[in-house]
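Trainee: Please guide me through this model with questions and answers.

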Amino acid sequence: MASHGLTYDGCNFFRQRLVLSTLSGKHVKIKNIRSRDDEPGLRDFEASFIRLLDKVTNGSRIEINQTGTVLFYQPGLLYGGTIEHDCNTQRSIGYYLEALLMLGPFMKTPLKATLRGVTNDPTDPTVDLLKSTALPLLKKFGIDGEGLDIKVVKRGMAPGGGGEVVFTCPVRRTLKPVQLTEPGKIKRIRGVAYSVRVSPQMGNRIVESARGILNQFIPDIYIYTDHMKGASSGKSPGFGLTLVAETLNGSFLSAEISSTPQGQGEPVLPEDLARSCAKLLLEEVYRGGCVDSSNQSLALLLMTLGQQDVSKVLLGPLSPYTIEFLRHIRDFFQIMFKIEVQKPLEDERKGGDKVLMTCVGIGYSNISKAIK
């Protein structure tokens, strides 16, 4: 399995390719990385991501040409252990944490990663969102116990950063097959309104405006305010809101918005931000499925690497990122999903089309034997 590699063109879906290369043991070559740009080659945040992969693996071989437009990556053994990494502030910690969530369960020793940088920005999933949605998803596949946690030690908004997050993940040799086909109705909504280096009143204004919309649909809503100050508040001012809707069957659907980074674009009012976030959550509920759109690729990867048994997951409309992820799974693991589109019934207002994804896992232990 490790004898031949894959070649790709361009910088799109950079993380997907390196993460799946690491898990499958196949080396990968990426050519023409922004070769036509005024500033060709890898960006600083991509170089930082490569350094993070080098820290969690043992014996990886990484070659980059002089202009940074060609990358060759031969993965080593996924080792894990205790690591510390200063993430580049061009992207938030969520950019790096999403990859560690995919790699963590398959390492040789339990992972304890301390990541420093931007915890909340408008581009990437924030650490609050990943803690509320990705961790419950991992638990459904049997990755649980006291060792699984994301702890926000310091909060750092874009562009200055200054945040710190500790991610711990236990090791699992086998994953449980899942049958997530019935999302169920929404039973409660939880959320975090966070603010740093601004008035603590911002959090209260966000909560009041968000409840103004959501209370029309459900009474069980609790949004708590998180105002960090002093050394825990990072280097830049900002605020934001993360909302999570939990269903009767234990599915989590989420939405979030962060304020515009200082010095970039038009400032936003906390009331407007809260209303937009509440509407995004309603849009996510309308899309439906047992996994929200930000975690679709994580669910599909865990299904692929699970035991040699059938797993089924009902998703909302697939995002472009997820569609490309399915193509990469086919390239690296030769796994194809059976996809069935489910139309909503005319007499039921259950939102848009759903997609039922079915696959037979290949068992990660079998891959690791093939690599050795």
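Mentor: A residue is buried under 20% relative accessible area, exposed over 50% and partly exposed in between (1.4 Å probe, protein chains only). The model is predicted, so local features need pLDDT of at least 70 and side-chain atom pairs pLDDT 80 or more, while totals for chains, interfaces and linings use all residues. Residues are numbered from 1 along each chain as its sequence is written, and side-chain values use heavy atoms, leaving out hydrogens and water.

Trainee: To which class of exposure does Arg 330 belong?

Mentor: Arg 330 forms a salt bridge with Asp 331 (a side-chain nitrogen of Lys or Arg within 4 Å of a carboxyl oxygen of Asp or Glu). Asp 331 has 24% relative accessibility and counts as partly exposed. With a relative accessibility of 41%, Arg 330 is partly exposed.

Trainee: How many residues apart in sequence are the parts that Asp 220 and Arg 190 tie together?

Mentor: The side chains of Asp 220 and Arg 190 form a salt bridge of 3.1 Å, N to O. Asp 220 lies in the loop between helix 5 and strand 13, and Arg 190 in strand 12 (helices, H or I, of at least four residues and strands, E, of at least two are DSSP runs, numbered from the N terminus), so the separation of the parts is 30 residues.

Trainee: Which helix holds both Arg 275 and Asp 272?

Mentor: The closest N and O atoms of this salt bridge are 2.8 Å apart. Arg 275 is partly exposed at 34%, and Asp 272 is partly exposed at 34%. The two lie three residues apart, about one turn, in helix 6.

Trainee: How many salt bridges does the structure hold?

Mentor: Glu 84, Asp 86, Arg 116 and Glu 164 are linked in a network of salt bridges. The number of salt bridges in the structure is 20.
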